[in-house]
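Open the model in your viewer and keep the sequence panel in sight. The stops below say what to select and what is found there.

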Amino acid sequence: MSVKVLLGLSGGVDSAIAAYLLKEQGYDVTCCFMRNWDSFANNDILGNPTIMEGVCPQEQDYLDAKAVADHLGLPLRRVDFIQEYWDQVFVTFLKEYERGRTPNPDILCNKYIKFDAFFDYAMKNGFDAVATGHYASNARIDGYTYLTRAHDTNKDQTYFLCQVPESAIAKTFFPLGGIDKPEVRRIAKELDLESVMTKKDSTGICFIGERNFRDFLTNYLPSKPGRIVDVDTGKTLGEHIGVLYYTIGQRKGLNITRDKGPWFVIGKDVHKNVLYVCHHTRKQWLDSDEAIVSGMNWIVKDHAEVPKRLTCKFRYRQPDQDVELEWIDETTVRLRYPQTIAGVTCGQEAVLYDGQKCLGGGVIDFVYRNGQDLNEQIIQTGARRMAHA
C-alpha cells in the first residue's frame, strides 16, 4: 500500500509543485485547503484593501488551489480552522503587541495551525503523513528526525518551523527541500498550471494577507498618540500614533520632518507612551551583546548534543550570527555575542543552528548591553535627557 499523504494546498505555486512531486514519487496524495481567517467575522475592516471586492483573496486562493488539484487529478478537501487561528495565533499576536513586543505570526501559525490543528486532522482521518510547500528538509539520524536547511539557501524556511515538534517533523514531507525557486517556477510553467505559475508569492500576515499594518492593528488595539523623543537630546521630534505600532530598527513611517534623518526606532516606554529614536549617526543604540530566550522548542534527541558555540538567526533572512549558549533551564537560554548585533528585538524568535541542522527556537524575552536591559537603559537615558531638554 502506498503512503497516504495530506498536503496543504494554499493556492500558491510552491504547494502546487510539492503536490505534483509527491504524486510523481508514487504517494497517495490528497490536497487540503485551509481557511483560517474570516474578515467580516473578525472585524478586519480598516487597512484591508480588498474588503469590498466581489471575490475575497482567500476565496480566490481556494479557486486557484482547486484548479491545481483538478489539473493534477488529485482530490481536494476544504477545512476551516478559523476559531483555532483566532484563539491560538491571533490572540497571542495581539497580546504580544500590547506589551510593546513584535511577535512572528508565521511561526505561531506553523506551531498551532499547520503542524497542530491540520496535522491532528490528518492523523485522525487516516493519513500517514502531511506535506507542505515549505523550503526545508528533514533527516532521520539514529532514530530521530531532525529539521534541516533547504537546498535553496535564499528561500530556506526552517526559521519559521523552529517551534514545530519532532513528532510532526517526523511525519512531514518537504518536497521542495532539494530544489530551488526558479526550478519550481519552471515546473509550473511546464505543467501549464495557469492559476499559479505566474502568481506572486504571498506576503503579509500568515493566512490574513497584505494589510496596511497600522490601520489593521487599529481594528483591535486602539490608537494612542504620544511623543517621539531623541534619546540623545531628550528633544521631542514628532508624534507617533501608538508605540505598539512600531518595530525596533524601523526607520520609515516616523514622519519626522523638522530634523534631518534618517531616524531609527530604538526603544519603547509602553507605560508612558513614549517612542525613543536615535539619529542614524548614533545607530549604536541598536546594538546588544546578550539576550535571554525562553519557550525553547528543542528539535534534538538529547540536550547534550547542543554545542556551546553555535549560530543563530534573530530574524528571517539574517545571516547566521555566532553566539555562545548558556543554559538557564530546559526551555530558557542566555545567548552571548560579544561582537554585538543590531536590532535584536523582544517578542521575535531566536532560531539556533548547528551547521545544516535547525536545533529549534524560542522567543527573545530580554536584550542586554554591558549587563543592562537595553530598553530600560534607553528609557532611563531618554527620561533623564527629557528632564533637562
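Select Asn 110 and show its surroundings. Apart from neighbours within four places in sequence, Asn 110 is in contact with Phe 115, Asp 116, His 134, Phe 160, Leu 161 and Val 164. This is a predicted model, and every value on the tour is computed from it. Asn 110 belongs to helix α4, residues 105-124. Is Asn 110 buried or exposed? Its relative accessible area is 2%, so Asn 110 counts as buried.

Now display the polar atoms of the Asn 110 side chain. Two distances are worth drawing. The side chain of Asn 110 comes to 2.8 Å from the backbone oxygen of Phe 160. Between the side chains of Asn 110 and His 134 there is a polar contact of 3.4 Å.

Next, select residues 57-72, which make up helix α2. This helix has 16 residues and spans 22 Å from its first C-alpha to its last, close to the 22 Å expected at 1.5 Å a residue. Which residues of α2 are buried? Colour Gln 58, Tyr 62, Asp 64, Ala 65, Val 68, Ala 69 and Leu 72. They lie on the same side of α2, because the arc they cover around the axis is only 165 degrees. To see what covers these buried residues, add elements including α1 (13-24), β2 (28-35) and β3 (76-80). Then step just past the end of α2 to Gly 73, where phi is positive, about 70 degrees.

Stay with Tyr 62, one of the buried residues of α2, and add Arg 78. Arg 78 lies over the face of Tyr 62, 4.4 Å from the ring centre. For another charge over a ring, go to Lys 4: its charged end sits over the ring of Phe 127, at 5.2 Å from the ring centre.

Turn to the aromatic side chains. The whole structure holds 23 aromatic pairs. Start with Trp 37 and Tyr 85, whose ring centres are 5.9 Å apart with the planes at 75 degrees, so the pair is edge-to-face. What does this pair tie together? Trp 37 is in the loop between β2 and α2, while Tyr 85 is in helix α3 (residues 82-98), so the pair links parts that are 48 residues apart in sequence. Both Trp 37 and Tyr 85 are buried.

Move along α3 to Phe 90 and Phe 93. Their rings form a stacked pair, 5.4 Å centre to centre with 20 degrees between the planes. Both residues lie in helix α3, 3 residues apart, which is about one turn of the helix. Phe 90 and Phe 93 are both buried. To finish with the rings, select Trp 37, Tyr 85, Trp 86, Phe 90, Phe 93, Tyr 97, Phe 213, Phe 216 and Tyr 220 together; they form one aromatic cluster.

The last stop is Gln 318, in the loop between β13 (309-313) and β14 (321-329). Gln 318 has 4% relative accessibility, so this loop residue counts as buried. Setting aside neighbours within four places in sequence, its contacts are Cys 312, Lys 313 and Ile 341. Which backbone atom lies 2.6 Å from a polar atom of the Gln 318 side chain? Draw the distance to the backbone nitrogen of Phe 314.

Terms used. Residues are numbered from 1 along each chain as its sequence is written. This is a predicted model: local features need pLDDT of at least 70, side-chain atom pairs count only at pLDDT 80 or more; totals for chains, interfaces and linings use all residues. Side-chain values use heavy atoms; hydrogens and water are left out. Helices (H or I, at least four residues) and strands (E, at least two) are DSSP runs, numbered from the N terminus. The expected span of a helix is 1.5 Å times one less than its number of residues. Buried means under 20% relative accessible area, exposed over 50%, partly exposed in between (1.4 Å probe, protein chains only). The arc is that of the directions from the helix axis to the C-beta atoms. Contact means heavy atoms within 4.5 Å. A polar contact is a pair of N or O atoms within 3.5 Å; within protein, one must be able to donate a hydrogen and the other to accept it, and residues adjacent in sequence count only if both atoms are side-chain atoms. Rings of Phe, Tyr and Trp (its six-membered ring) pair if their centres lie within 6.5 Å; planes under 30 degrees apart count as stacked, over 60 as edge-to-face and the rest as tilted. A charge sits over a ring if NZ of Lys or CZ of Arg is within 6 Å of the ring centre and within 35 degrees of the ring normal.
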